[in-house]
Amino acid sequence: MRVKLSLIALCLVMMAMLAACGGEAEKAEKADEKADVETGEVAPAAKLVLGVAGAHSGDLASYGLPTVNAAKLVAAKINAAGGVNGSMVEVVAQDDQCKPELATNAATKMLSDDVKIVLGHICSGATKAALPIYMDGKIVVMSPSATNPPLTQSGEYPNFFRTIAPDDAQAALEVKFAKGLGLKNIAIIHDKGDYGKGFASFCKQFIEADADIQVALFEGVTPGAVDYSAVVQKIKGSGADGVIFGGYHPEASKVVTGMRKKGLDIPFLSDDGVKDDTFIKVAGKYAEGVYATGPMDFSSNPLYQEAVAAHKAEFGADPGPFFPEAYSAALALLKAVENAGSTDYDKVVDALRTKKVDTPVGNIKFDAKGDAEGVGFAIYQVQDGKYVEIK
């Protein structure tokens, strides 16, 4: 009987000790949580989600899918080196098809999933629609391709950054090049969107400020229309000696095809929304000779070469448009989290603006507006079925 009582007593003592240890552990955990609240530090999670938003299906998927691939490659590289602040990077994609209404859905999903950094969106209109949601949620966003100037220059979205130069710089280069071709009377056509019309409007502004050239026609077309013969006829009737188009490849390919079939062989110039192999495939022989602005060529950069080689090894193909800009944006976002020591919004934003990072588009940081310093545009032309930079 005494033995049994002794055993019972021993068990009670051990249970009391375990309870005490558990209580101390709970107190320590609560103390740590309190310290985090007091210091404002955001403790690293077991995983760090990199949201990727853009056109992953539909007509403009050729612009968005390279960004998903870039994010996956950067995440794999960083995870192999131990992750970011001890957390493994997980890529989570949301498709917006470059449509504003779907972009807001994507942004809302990112917000509800507590994502803190987003690579995207791809198109300016979709980006503009989504940014207020990200701003309200203190989510940092970086686009490899949304070039509409007000996205950074308006000051409305301090959470927005990009690794590509804005459209006013692109338009200035385009008009200067058009003038160098000897063009005097230019028809400006656009797709009525934030990106296309925005770019076209800047071209119009620069032309009107130059006494040596003039705008023959400023006309919008409806995206997705089957026939653009009416606008082709207007171009012909305007007496234009060249065309500048603002928008994306589906509309550009139809306009230039219609022009060539009507015997209108004047120069056709466009933007980085057309500098895509898909434009060449769709327009076929009518793409030959078309000019388009696009991001500067960084192919001599070793990091660019490494990124392209990684894409070929993983996906068995050359990367598509905006891949180097997307790869650079993913690196910049993740490096900023590392430099910040957390996903704290203010600290990540400060890191992006003050700490340089080596990327395929150069050793970059971002100015007070959110534009990457040192990036720009070049002129390309379709020659023998490929875009070639015009030096």
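A search of the whole structure, which is a predicted model, turns up one disulfide. The bond joins C98 to C123, with an S to S distance of 1.8 Å. The link of C98 and C123 is right-handed, with 75° about the S-S bond. Both partners sit in loops: C98 falls in the one between β2 (88-95) and α3 (100-112), while C123 falls in the one between β3 (117-119) and α4 (124-136), so the disulfide ties together parts that are 25 residues apart in sequence.

The surroundings of these cysteines can be described through their accessibility. C98 has a relative accessibility of 13% and counts as buried because this value is under the 20% cut-off. C123, at 3% relative accessibility, counts as buried too. Another cysteine, C203, also belongs among the buried residues, with a relative accessibility of 0%.

A helpful second place to look is L48, a residue of strand β1, which covers residues 47-54. The relative accessible area of L48 is 9%, so this leucine is buried. What surrounds L48, once its neighbours within four places in sequence are left aside? The contacts of L48 are V84, S87, M88, V89, E90, I117, L334, V337 and T343. Strand β2 (88-95) is named above as one border of the loop that holds C98, and M88, V89 and E90 are among the residues in contact with L48. The C-alpha atoms of L48 and K116 are separated by 8.6 Å, although these two residues are 68 residues apart along the chain.

How values were computed
Residues numbered from 1 in each chain as written. Predicted model: local features only at pLDDT ≥ 70, side-chain atom pairs only at ≥ 80, totals over all residues. Heavy atoms only, no water. Helix = DSSP H or I, 4+ residues; strand = E, 2+ residues; numbered from the N terminus. Buried < 20%, exposed > 50% of the residue type's maximum accessible area, 1.4 Å probe, protein only. Contact = heavy atoms within 4.5 Å. Disulfide = S-S within 2.5 Å.
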